[in-house]
Amino acid sequence: MIREVIVTTRNEDNSVHIAPMGIRTESGQVRISPFKPSTTLENLRRNGVAVINYTDDVRIFAGCLTGHYEWQTVATKKINGQRLENTLSHLEVEVDRIEEDELRPAFICNIIHQETHAPFLGLNRAKAAVLECAILVSRLHMLSAEKIDNEMKYLEVAIDKTAGPEELEAWGWLQEKIRKFRMQEAAGEGMV
């Protein structure tokens, strides 16, 4: 099973890198598999630690794909890192070993500390729709316009029926990203 989370790592200048990512848990360890090249991959290699943020604020997922990075962070307790301030819970992890791969090396991590910050208040179809749309946006360069349009039409039903202000804001960011991508593609410029 893959869980969609926000991974925070420290950049070389000690600033915080925030990235949406699918992770797996296996035998009490966390498997983080960032693509090559990526900032998360380089930060994990250099620092050997990361924070897994479990959040239901889908604006963070959408924001990372659309240039909205103004998310507050706070210091972690057991590792030299930062977690999202607005997260339901987090894990502080340390790399145990690396399984090298040409496309996606896997960082197998031990959980050093975990903490809960807020209650989970239930599922919302609009949150799931924004998350699925964010995944589509991350793959704009790989998917046909028809596939994206069909998926968006389906996801829009959940947005129309169940979205609150946060989901509507995130949805708008993602729609704008798709619109800009299509304009650049039509102009022959490729992806943003």
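Helices (H or I, at least four residues) and strands (E, at least two) are DSSP runs, numbered from the N terminus. The model discussed here is predicted.

Q: Which element gives the largest share of the lining of the largest pocket?
A: The largest pocket holds about 1,000 Å³ of space. Its lining has 34 residues, and P20, M21, F35, R104 and S138 are the closest to the centre. Elements that each supply at least two lining residues are β2 (16-26), α1 (39-47), α2 (58-66) and α3 (125-138). The largest share, 8 residues, comes from β2.

Q: How many residues of the lining of the largest pocket are nonpolar?
A: The lining of this pocket divides into three classes. Charged residues number 6 and polar residues 8, while the nonpolar residues number 20.

Q: Which residues lie nearest the centre of the second largest pocket?
A: This pocket has a volume of about 550 Å³. β1 (3-10), α2 and α3 each supply at least two residues of its lining, which divides into 13 nonpolar, 4 polar and 4 charged residues. Of the 21 lining residues, those nearest the centre are E4, T55, D56, F120 and L123.

Q: Which element supplies the largest share of the largest nonpolar core?
A: The largest nonpolar core has 28 residues, and V130 and C133 have the most contacts inside it. At least two residues of this core come from each of α2, α3, α4 (145-162) and α5 (165-186). The largest share is 7 residues, and the element that supplies them is α3.

Q: Which residues does V130 touch, not counting residues up to four places away in sequence?
A: V130 is one of the residues with the most contacts inside the largest nonpolar core. With residues up to four places away in sequence left out, V130 touches V58, A62, I159, E167, A170, W171 and L174.

Q: How many residues are in the other core, the one that includes V7 and C109?
A: This core lies apart from the largest nonpolar core. Among its members are V7, I23, V93 and C109, and its size is 14 residues.

Q: Is D57 buried or exposed?
A: D57 lies in the loop between β4 (49-54) and α2. The cut-off for buried is under 20% relative accessible area. D57 has a relative accessible area of 2%, so D57 is buried.

Q: Which side chain is joined to that of D57 by a polar contact of 2.7 Å?
A: Leaving aside neighbours within four places in sequence, D57 is in contact with W71, N86 and E166. The polar contact of 2.7 Å joins the side chain of D57 to that of R59.

Technical notes:
Residues numbered from 1 in each chain as written. Predicted model: local features only at pLDDT ≥ 70, side-chain atom pairs only at ≥ 80, totals over all residues. Heavy atoms only, no water. 1 Å grid on protein atoms, 1.4 Å probe; cavity = no way out; pocket = protein on both sides within 12 Å on 5 of 7 lines; lining within 4 Å. Points joined across faces, edges and corners; volume = space filled by probe spheres on them. Nonpolar A, V, L, I, M, F, W, Y, C, P; charged D, E, K, R; others polar. Core = buried A, V, L, I, M, F, W, Y, C linked by side-chain atoms within 4.5 Å. Buried < 20%, exposed > 50% of the residue type's maximum accessible area, 1.4 Å probe, protein only. Contact = heavy atoms within 4.5 Å. Polar contact = N/O pair within 3.5 Å; in protein donor to acceptor, adjacent residues only side chain to side chain.
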